[in-house]
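Colleague: Thanks for sitting down with me. Could you take me through this model and tell me what stands behind each label you use?

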Amino acid sequence: MRNVEIKAVVHDMEKICKIAEELSGGKPEIIHQDDTFYKTNNGRLKMRIYADNSATLVRYSRSDVSGPKLSDYDLLQFSNSESEKVKQLDDILKKCMGARGRVIKERKLYMVGQTRVHIDKVEELGEFMELEVVLRPEQTLEEGQDIAKDIQMKLGVKDEDLIQCAYVDLLENKSV
């Protein structure tokens, strides 16, 4: 699967949430996420655990550049009834690969067409906005970038607020 992503620092949470609500035509879904990132040779691998104990193993790769960027990803879903398997898999991955870091956040999810607009409060980091334009098979990277830039502008997100990397990278750099 592929998507185009933009991530940025948020300076006015109330304002961006209001605009996102107007664009999506509804209230957001509130999602609590606890992500454990594992050490990898290529890309990123994380186990995302939700408040209901369901989980998703996510493998993704993307360039660390400002602005719209292509992300290639795979998902493996686990129901909340499989929480013991998730704990076992997490333990195995930590033993084999090592844990790189942990990102805990509250996410407000707004859907704007084919774009997931995330407004995140990340523990120990702050407030951020992330766009994920989920590309259909026939869509080009450029089409996804155009959609992302259009929504970025509508949300009032300035280019100088864009960030290049993942939250786990920001947390690692913060501790250095």
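**Reasons behind the labels**

Modeller: Gladly, and let me start at a turn: Glu-124 sits in the loop between strand 7 and strand 8. Please keep in mind that this is a predicted model.

Colleague: Why is Glu-124 called exposed?

Modeller: Its relative accessibility is 63%. Exposed means over 50%, so Glu-124 counts as exposed.

Colleague: What makes the phi of Glu-124 worth a mention?

Modeller: The angle is positive, about 70°, although Glu-124 is not a glycine. Most residues other than glycine have a negative phi. Asn-53 is another non-glycine residue with a positive phi, near 75°, and its place is the loop between strand 3 (44–50) and strand 4 (55–62).

Colleague: Why do you call Asn-53 partly exposed?

Modeller: The relative accessible area of Asn-53 is 43%. Partly exposed runs between the 20% and 50% limits, so Asn-53 is partly exposed. Glu-172, in helix 4, gets that label with 29%. From Glu-172 to Tyr-110 there are 62 residues in sequence and 28 Å in space, C-alpha to C-alpha.

Colleague: How do you know that Asp-90 is buried?

Modeller: Buried means under 20%, and Asp-90 has a relative accessible area of 12%, so the label is buried. Asp-90 belongs to helix 2 (residues 83–97). Setting aside residues up to four places away in sequence, Asp-90 touches Thr-36, Tyr-38 and Met-47.

Colleague: And what makes Glu-132 buried?

Modeller: A relative accessible area of 10% set against the limit of under 20%, so Glu-132 is buried. Glu-132 is part of strand 8. With residues up to four places away left out, Glu-132 touches Asn-3, Val-4, Glu-5, Gln-114, Thr-115, Arg-116 and His-118. Its C-alpha is 17 Å from that of Arg-44, 88 residues away along the chain.

Colleague: Where does Glu-132 stand in relation to the largest pocket?

Modeller: Glu-132 is among the residues closest to the centre of that pocket, together with Arg-48, Arg-107, Arg-116 and His-118. The lining has 31 residues in total, and the volume is about 540 Å³. Strand 2 (residues 29–38) supplies the largest share of the lining, six residues.

Colleague: Now the interior. What makes Ala-148 count as buried?

Modeller: The relative accessibility of Ala-148 is 0%, and buried means under 20%, so buried is the label. Ala-148 lies in helix 3. Apart from neighbours within four places in sequence, Ala-148 is in contact with Val-4, Ile-6, Pro-68, Leu-131 and Val-133. The C-alpha atoms of Ala-148 and Val-4 are separated by 7.1 Å, while along the chain the two are 144 residues apart.

Colleague: Which residues have the most contacts inside the largest nonpolar core?

Modeller: They are Ile-16, Val-117, Ile-119, Met-129, Leu-131, Leu-155 and Val-157, in a core of 22 residues. Two or more residues each come from strand 1 (2–9), helix 1 (13–24), strand 6 (99–112), strand 7 (115–122), strand 8 (126–134) and helix 3 (141–155). Helix 1 gives the most, five residues. As for Ile-119, its contacts beyond four places in sequence are Met-13, Ile-16, Cys-17, Glu-106, Arg-107, Lys-108, Tyr-110, Phe-128 and Met-129. There is also a second, separate core of twelve residues, including Tyr-73, Ile-163, Ala-166 and Tyr-167.

Colleague: Why are Phe-128 and Tyr-167 called an aromatic pair, and why tilted?

Modeller: Ring centres must lie within 6.5 Å to pair, and these are 5.1 Å apart, so they pair. Planes under 30 degrees apart would be stacked and over 60 edge-to-face; the angle here is 50°, so the pair is tilted. The structure holds one aromatic pair. Phe-128 in strand 8 and Tyr-167 in helix 4 (residues 167–175) are 39 residues apart, and the pair links distant parts of the chain. Both Phe-128 and Tyr-167 are buried.

Colleague: Which charged end sits over the ring of Tyr-167?

Modeller: That of Lys-7, at 3.9 Å from the ring centre. The distance limit for such a contact is 6 Å, so 3.9 Å falls inside it.

Technical notes:
Residues numbered from 1 in each chain as written. Predicted model: local features only at pLDDT ≥ 70, side-chain atom pairs only at ≥ 80, totals over all residues. Heavy atoms only, no water. Core = buried A, V, L, I, M, F, W, Y, C linked by side-chain atoms within 4.5 Å. Buried < 20%, exposed > 50% of the residue type's maximum accessible area, 1.4 Å probe, protein only. Helix = DSSP H or I, 4+ residues; strand = E, 2+ residues; numbered from the N terminus. Contact = heavy atoms within 4.5 Å. Phe/Tyr/Trp six-rings, centres within 6.5 Å; stacked < 30°, edge-to-face > 60°. Lys NZ or Arg CZ within 6 Å of the ring centre and 35° of its normal. 1 Å grid on protein atoms, 1.4 Å probe; cavity = no way out; pocket = protein on both sides within 12 Å on 5 of 7 lines; lining within 4 Å. Points joined across faces, edges and corners; volume = space filled by probe spheres on them.
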